[in-house]
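Colleague: Hi! Could you walk me through this one in plain words?

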Amino acid sequence: MTRIYTQRRSPFVNPNRRHILTGLLASPLLARPAFAATPLNVVATTGMIADAARAVGGDLVEVRALMGPGVDPHGYRQTRSDIVAMTRADLVLWNGLYLEAQLEEFLQGLSRRVPTRAVAETLPPDLRLTHSQYEGRADPHVWMAPRLWRHAVVGTRDALSEQRPDDAARFAANADAYLAQLDALHVYATETLAKLPPEARVLVTAHDAFGYFGREYDFQVEGIQGISTESEAGLQRIGALVDLLVDRQISAAFVESSVSDRNIRALIEGAAARGHSVQIGGELFSDAMGQPGTYEGTYVGMFDHNVTTIAAALGADVPNGGMSGKLNAGG
């Protein structure tokens, strides 16, 4: 609740000082609002959401991401400093769809005190993927398809505009520019991955984070663990994937930056025992982005890295440095 205080004129003001006060109030040094607008204090759970908030908000926001590079959101628990940051925020943006499983109860309670928005839940239900091992819940990894992530960006724009209606036009312009980048990213992914023949489009990863990617770009996606990294990978599952690698003569499997590579290495060893060589095709960004300040530390750079890495490892000719030549390793 905003309180406006007015100052009563005292009858005891020295009349000789009134002209001085009048001169000060007319000074250009004071010719500005009494309370200049400060940047909106935004807390985002993941790096992908934080990137969208910074792009849409520009210099009108200050954004803190709770989960940095290599952090797994499925099992993340809030720290004391996280709680302080969220309770003091003007707006908290989170993914939803049970991605932040350990944070969800806290975030739902927080919404009674602080404006919050689960941006991935703006995705229409008919576009959400379900999973046999994730009964009653949708796949939360919406950022794995830029055309779907557009919904989260629009949700971010709307949440910022609700907090600062006077700046809605600037948020809308920034969002349009960012959405244009996502459109270009989708075109690059489509054209690059189309270079792979259908039989090569098999993506084996540590956990099942790439379902939306697979649907969008026509890949068979196989994760050792389920949608959540909290699920266990059984010997039967690893055995079934070894059979797949051998039978389909798949030459690459991929580790993830936020998940242990233990199960992928077990898979490779299992294939080797069957006389089939499988290489680690590269490290993909699944639930977190790259280091802050790098191209891979942005959503566009993260997705460019994934597309270029996957295509190169499975046999496609990819441009050096990815979509715009900014990738560190060029795939």
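Modeller: Happy to; we'll go from the overall make-up to the sheet, then the core and a few residues.

Modeller: This is a predicted model, where local features need pLDDT of at least 70, side-chain atom pairs count only at pLDDT 80 or more, and totals for chains, interfaces and linings use all residues. Residues are numbered from 1 along each chain as its sequence is written, and side-chain values use heavy atoms, with hydrogens and water left out.

Colleague: Thanks! What does the secondary structure of the protein come to?

Modeller: Ten helices and eight strands. Both are DSSP runs, numbered from the N terminus: helices are H or I with at least four residues, strands are E with at least two.

Colleague: And how are the four strands of the open sheet ordered?

Modeller: The order is S2-S1-S3-S4, with parallel pairing. Strands S2 (61-65) and S4 (116-118) are at the edges with a single partner strand each, so one side of each has no neighbour in the sheet. From one strand to the next, the twist averages 20°.

Colleague: How many bridges pair S1 and S2?

Modeller: Five, in the parallel sense; two strands pair if DSSP finds at least two bridges between them. Leu40, for instance, has Val61 in S2 as its bridge partner. Strand S3 (residues 91-94) and S4 are also parallel, over three bridges, and there Val92 is partnered by Thr116 in S4.

Colleague: Is S1 mostly covered or mostly open?

Modeller: Mostly covered, with four of its five residues buried. Buried means under 20% relative accessible area, exposed is over 50%, and partly exposed is in between (1.4 Å probe, protein chains only).

Colleague: Which helix lies across S1, S2, S3 and S4?

Modeller: That's H5 (residues 146-163), which runs at about 170° to S3. Axes are lines fitted to C-alpha atoms, for helices over the stretch in contact, and angles run from 0 to 180 degrees between N-to-C directions.

Colleague: New topic: what share of the protein counts as buried?

Modeller: Of its 331 residues, 49%.

Colleague: Which residues touch the most other members of the largest nonpolar core?

Modeller: Trp149, Leu193, Phe213, Phe219 and Tyr299, in a core of 65 residues. Helix H6 gives the largest share of this core, nine residues. A nonpolar core is a set of buried Ala, Val, Leu, Ile, Met, Phe, Trp, Tyr and Cys residues joined through side-chain atoms within 4.5 Å. Another core, of 19 residues, lies apart from it and includes Leu245 and Val255.

Colleague: Why would such side chains be buried together?

Modeller: In soluble globular proteins, nonpolar side chains tend to do that.

Colleague: What is Leu193 in contact with, leaving aside neighbours within four places in sequence?

Modeller: Its contacts (heavy atoms within 4.5 Å) include Arg201, Phe213, Phe219 and Val307.

Colleague: How about Thr192, buried or exposed?

Modeller: Thr192 counts as buried because its relative accessibility is 3%. Thr192 lies in helix H6 (residues 168-193), and a polar atom of its side chain is 2.8 Å from the backbone oxygen of Tyr188. Not counting residues up to four places away in sequence, Thr192 touches Val307, Ala311, Ala316 and Val318.

Colleague: Last one: where is Ser260 found?

Modeller: In the loop between strand S7 (252-256) and helix H9 (262-273). Ser260 has 42% relative accessibility, so it counts as partly exposed. Ser260 and His207 are 53 residues apart in sequence, and their C-alpha atoms are 9.9 Å apart in space.

Definitions and conventions: A polar contact is a pair of N or O atoms within 3.5 Å; within protein, one must be able to donate a hydrogen and the other to accept it, and residues adjacent in sequence count only if both atoms are side-chain atoms.
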